[in-house]
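Let's work through a protein chain together, one small exercise at a time. Keep the sequence and the 3D view open, and try each task before reading its solution.

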Amino acid sequence: MIAAHPPILRLDAGGLPVSWIHWQRAAELIFADRVLWSLGDAPLRIQGGLRGGQRSVLTIDPVIATREAHRNPAPDTPPLTNRLLFARDRHTCLYCGNRFPEHELTRDHIVPRCQGGEDVWTNTASSCKRCNGDRKGGRTPEQAGMSLIALPYAPSRAEALILSNRRILADQNEYLSALAPDRDDRWN
Ligand SMILES: [Zn+2]
């Protein structure tokens, strides 16, 4: 029951997204009086212990902004990981356009590393093993006569938070989407 609660979106004092946190961490922040404001129409209701014969209930909004601005604000571009890369590309091979489960995808370097290509968001694409290994190999798409079906981009922090949470709540999605650039044109 408790484990089923979706994560809480933590913001800094300026309203910028920081991370997903477990509801227990959110409860600690509430009790420590570090929550400045919160929002969301559907708060989580956590059953507490008995107090004077009544069961206490803690309500936690889906989005909470906490007191101290972080001394080292999180970089706006998240680190490149396969999990986030495949989520960015909707688990679609950017060469053949087919969808694959995570374990059948690879991180393709568009300009291969052996030709000086960097391991960065804008030089990486989700690729199935066949397209990456058999068809493309150590070549650029041009050299291999292949083309990308979408332009690789570096997701912002807000986008990365959306992509990394499959149980995102409507209010959380709305908040983060308002901060994320519009990318709809890239999938035409
Ligand atoms: Zn493919």
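## Exercise 1: The overall layout

From the N terminus on, the elements of the protein chain run β-β-α-β-β-β-β-α-β-β-α-α-α-α. Keep in mind that this is a predicted model.

**Task.** Find how many helices and strands the protein chain has, and decide whether the chain is spread out or a compact globule.

**Solution.**
Step 1. Go through the elements: the protein chain has six helices and eight strands.
Step 2. Compare two values: the radius of gyration is 21 Å, whereas the globule rule gives 16 Å for 188 residues.
Step 3. The radius of gyration is well over the rule's value, so the chain is more spread out than a compact globule.
Step 4. Look at the spans too: along its principal axes the C-alpha trace covers about 75 × 35 × 30 Å.
Step 5. Turn to burial, and you will find that 26% of the 188 residues count as buried.

## Exercise 2: Two domains

**Task.** Work out which residues belong to each domain and how far apart the C-alpha centres of the domains lie.

**Solution.**
Step 1. The domain assignment gives domain 1 as 2-75 + 158-179, and domain 2 as 82-144.
Step 2. Between the C-alpha centres of domain 1 and domain 2 there are 35 Å.
Step 3. Now consider contacts between residues at least 6 apart in sequence: 60% of them join residues at least 24 apart.

## Exercise 3: An open sheet and its helices

**Task.** Give the order of the four strands in the open sheet, and explain why β2 and β3 each have one side without a neighbour in the sheet.

**Solution.**
Step 1. Read across the sheet: the order is β2-β1-β6-β3, with mixed pairing.
Step 2. β2 (17-21) and β3 (35-39) stand at the edges with a single partner strand each, so one side of each has no neighbour in the sheet.
Step 3. From one strand to the next, the twist averages 25 degrees.
Step 4. Zoom in on one pair: β1 (residues 8-11) and β2 are antiparallel and share four bridges. Here Leu9 has Trp20 in β2 as its bridge partner.
Step 5. Add the helices. Helix α1 (residues 23-31) packs on the sheet, touching β1, β2, β3 and β6 (63-66), and its direction makes about 45 degrees with that of β6. Helix α6 (residues 170-179) also packs on the sheet, touching β1, β2, β3 and β6, with about 60 degrees between its direction and that of β6.

## Exercise 4: Another strand pair

**Task.** Describe how β7 and β8 pair, and decide whether β7 is mostly covered or mostly open.

**Solution.**
Step 1. β7 and β8 run antiparallel to each other and are joined by five bridges.
Step 2. Pick one bridge: Asp108 is partnered by Ala125 in β8.
Step 3. Four of the five residues of β7 are buried, and the strand is mostly covered.

## Exercise 5: The largest nonpolar core

**Task.** Find which residues touch the most other members of the largest nonpolar core, and which element gives the most to it.

**Solution.**
Step 1. The core holds 28 residues, and Ile64 and Ile162 touch the most other members.
Step 2. The elements that give two or more residues are β1, β6, α2, β8 (124-128), α5 (157-163) and α6.
Step 3. The most comes from α5, with five residues.
Step 4. The core draws at least three residues from each of domain 1 and domain 2.
Step 5. Setting aside neighbours within four places in sequence, Ile162 is in contact with Ile168, Asn173, Leu176, Ser177 and Ala180.

## Exercise 6: Buried or exposed?

**Task.** Decide whether Arg88, Asp33 and Arg90 are buried or exposed.

**Solution.**
Step 1. A residue is buried if 20 or more other C-beta atoms lie within 10 Å of its own, and exposed if there are 12 or fewer.
Step 2. Arg88, in helix α2, has 24 such atoms and is therefore buried. Beyond residues up to four places away in sequence, Arg88 touches Pro155 and Leu163.
Step 3. Asp33 lies in the loop between α1 and β3; with 8 such atoms, Asp33 is exposed.
Step 4. Arg90 sits in the loop between α2 (82-88) and β7 (105-109); with 12 such atoms, Arg90 is exposed.
Step 5. Check the backbone: although not a glycine, Asp33 has a positive phi of about 60 degrees. Arg90, not a glycine either, has a positive phi of about 55 degrees.

Terms used. Residues numbered from 1 in each chain as written. Predicted model: local features only at pLDDT ≥ 70, side-chain atom pairs only at ≥ 80, totals over all residues. Pairing = 2+ DSSP bridges. Axes fitted to C-alpha atoms, helices over the stretch in contact; angles between N-to-C directions. Contact = placed C-beta atoms within 7 Å. Domains from an automatic or database assignment. Rg over C-alpha atoms; globule rule 2.2 N^0.38 Å. Core = buried A, V, L, I, M, F, W, Y, C linked by C-beta atoms within 7 Å.
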